[in-house]
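Work through these exercises with the model open beside you. Each task is followed by a solution in steps.

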Amino acid sequence: MLTGLKSLVRKATSLFASPKAQTYPIIIPRSDHSLSRQDLSPNAVKVLYRLNKAGYDAFLVGGCVRDHLIGIEPKDFDVVTNATPEEVHTIFSNSRLIGRRFKLVHVTFGREIIEVSTFRANSAQDDSDDTAEESTTQKSLKGKDSARSAHGIVLRDNVYGNIEEDAERRDFTFNALYYNVKDFSIHDYCGGLKDIESKQIRIIGDARQRYQEDPVRMLRAIRFAGKLGFELEAETAAPIKEMAHLLDHIPPARLFEEVLKLLGSGNGIDTFHLLRQYGLFRYLFPDTDALLQSGWKRNDIDPEAFILQGLKNTDDRIQSGKTTAPYFLYAVLLWPSVALRHEEFQTQGMPATPALHQAANMVLDNQVASTAIPRRFSTPMREIWDMQYRLPKRYGKRAFLLLEHPRFRAGFDFLLIRELSGTNLDGLGDWWEKFQHGTESQQRDLIKSIDSFTKDNEGPKKRRPRRRRKSNGNTANTAPQSEAFDE
């Protein structure tokens with residue numbers, strides 16, 4: 001695909017006398033590129049044609065065009081138009097308006113959502129514009145189409161413009177590629193085709209200003225580098241370490257979603273290394289980063305080895321077409337911190353199980369200040385961690401009960417990651433593998449085969465004290481009644 005792209009770029013640049021005096025947009029006719037309607041979502045094409053029929057311009061933009069040219073199957077199809085969100089909503093009965101920061105329209109076709117946005121312009125920020133701290137955002141933004149925080153972060157951007165202005169406000173050059181369904185041409189407004197050919201990520205405009213407007217662009221740059229295997233262009237990369245602290249001003253709920261895109265898209269290992277290289281990981285997982293920086297480890301856990309093994313497991317599943325659960329990824333990234341806190345609480349004399357619960361509470365409370373974790377995810381995370389201390393206790397009926405636990409499979413997969421990262425669990429993973437797939441007779445034999453010291457080390461089962469009968473006031477009969485009860 002990239003070989004064809006080089007030819008496409010040569011044809012495009014040959015339209016101009018001098019590459020240095022390049023004039024944009026470069027319009028690539030259908031005959032000179034490989035993107036066909038057959039490669040597009042039929043529903044996205046329907047949206048384009050419906051908007052055109054209603055008298056509006058409409059283009060496919062961004063990732064779907066970029067990914068096809070690179071040779072990746074597009075997953076999301078975004079449409080941009082000169083129709084306002086309200087006008088788009090009127091045209092499509094199967095749509096809904098969303099967003100405050102950026103007004104968008106979601107047009108739904110069953111489970112597929114086509115996102116439609118309006119051409120936007122970069123709004124100038126002058127002295128008369130109000131700035132808003134996070135605590136007064138809602139009050140200061142009322143009735144405004146454009147506003148920024150005291151830190152320069154764009155809080156609202158609903159100033160509409162034309163396609164040229166829209167291209168200039170996009171983040172990276174390869175995301176400013178537009179596909180026109182009227183004549184099936186591709187429009188390149190910022191040199192994205194050349195940057196794809198060079199396998200580099202280049203931000204549009206001044207990097208410092210663009211990162212200040214939206215610090216999440218730094219995370220997007222890293223995500224594209226990990227996903228595509230591209231290099232960050234020098235000026236694009238230069239300010240990231242210095243400006244990474246701006247992520248502290250991004251709502252934790254937004255960063256939660258960004259983490260899933262960063263580390264849960266099939267290129268987690270490369271992305272993890274890049275996040276740490278550019279000093280961004282510490283603002284997403286401060287406790288985990290501090291632990292990794294400290295070099296802490298013990299016989300049963302090597303934090304970095306464990307996290308890398310967990311990310312490899314996630315990458316392998318995604319690349320083989322399997323699904324992954326967000327809570328599992330977060331459970332992996334926070335487990336080393338839970339293990340450290342658990343050790344600290346036990347050292348203070350707290351019993352193992354309460355110490356684990358207290359450690360989980362502390363780690364999660366610290367984490368949600370950086371990336372919000374919905375309860376529907378934090379609860380299974382706790383269960384996975386709890387399973388690590390329940391899975392070794394597999395004698396008697398416990399093994400059968402654990403096998404029926406709704407979080408057994410996730411807990412077992414987590415245990416295997418621990419073993420693969422170097423933790424010696426005396427063959428616990430292999431035992432459970434055999435137990436899951438064995439017959440009932442084989443399962444009972446496996447339980448019998450457990451070394452006796454496993455049960456001994458857990459101590460004898462505590463007997464509940466018997467309740468004594470209440471005396472009826474006849475002291476003469478007290479002894480016989482007590483003896484009969486004891487018997």
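**Exercise 1.** Describe how helix 17 and helix 21 are placed relative to each other.

Solution. This is a predicted model. Start with the axes: those of helix 17 and helix 21 come within 11 Å and cross at roughly 40°. Next, classify the angle. Angles under 35 degrees count as roughly parallel, and 65 to 115 as roughly perpendicular. Helix 17 and helix 21 are therefore oblique to each other. Last, the handedness: helix 17 passes helix 21 in a right-handed crossing.

**Exercise 2.** Find which residues meet where helix 17 and helix 21 touch.

Solution. Take helix 17: it contributes Phe328, Ala331, Val332 and Trp335. They meet Ala410, Asp413, Phe414, Ile417 and Arg418 in helix 21. Now check burial. The buried residues of helix 21 include Ala410, Phe414, Ile417 and Arg418.

**Exercise 3.** Test the length of helix 21, then list its packing partners.

Solution. Helix 21 has 13 residues, 408–420. At 1.5 Å a residue, it should span 18 Å. Its end C-alpha atoms are 18 Å apart, so the two values agree. Its buried residues pack against helix 16, helix 17, helix 19, helix 20 and helix 22. After helix 21 comes Gly422, with a positive phi near 115°.

**Exercise 4.** Locate the nonpolar cores.

Solution. The largest has 103 residues. Leu60, Leu280 and Trp385 have the most contacts inside it. Helix 17 supplies the largest share of this core, 13 residues. Another core, of 15 residues, lies apart from it. Phe408 is among its members, as are Ala399, Leu402 and Leu425. Phe408 is also one of the buried residues of helix 21.

Key
Residues are numbered from 1 along each chain as its sequence is written. This is a predicted model: local features need pLDDT of at least 70, side-chain atom pairs count only at pLDDT 80 or more; totals for chains, interfaces and linings use all residues. Side-chain values use heavy atoms; hydrogens and water are left out. Helices (H or I, at least four residues) and strands (E, at least two) are DSSP runs, numbered from the N terminus. The expected span of a helix is 1.5 Å times one less than its number of residues. Buried means under 20% relative accessible area, exposed over 50%, partly exposed in between (1.4 Å probe, protein chains only). Contact means heavy atoms within 4.5 Å. A nonpolar core is a set of buried Ala, Val, Leu, Ile, Met, Phe, Trp, Tyr and Cys residues joined through side-chain atoms within 4.5 Å. Axes are lines fitted to C-alpha atoms, for helices over the stretch in contact, and angles run from 0 to 180 degrees between N-to-C directions. Angles under 35 degrees count as roughly parallel, over 145 as roughly antiparallel, 65 to 115 as roughly perpendicular and the rest as oblique. A crossing is left-handed if the near helix is turned anticlockwise from the far one by less than a right angle, and right-handed if clockwise.
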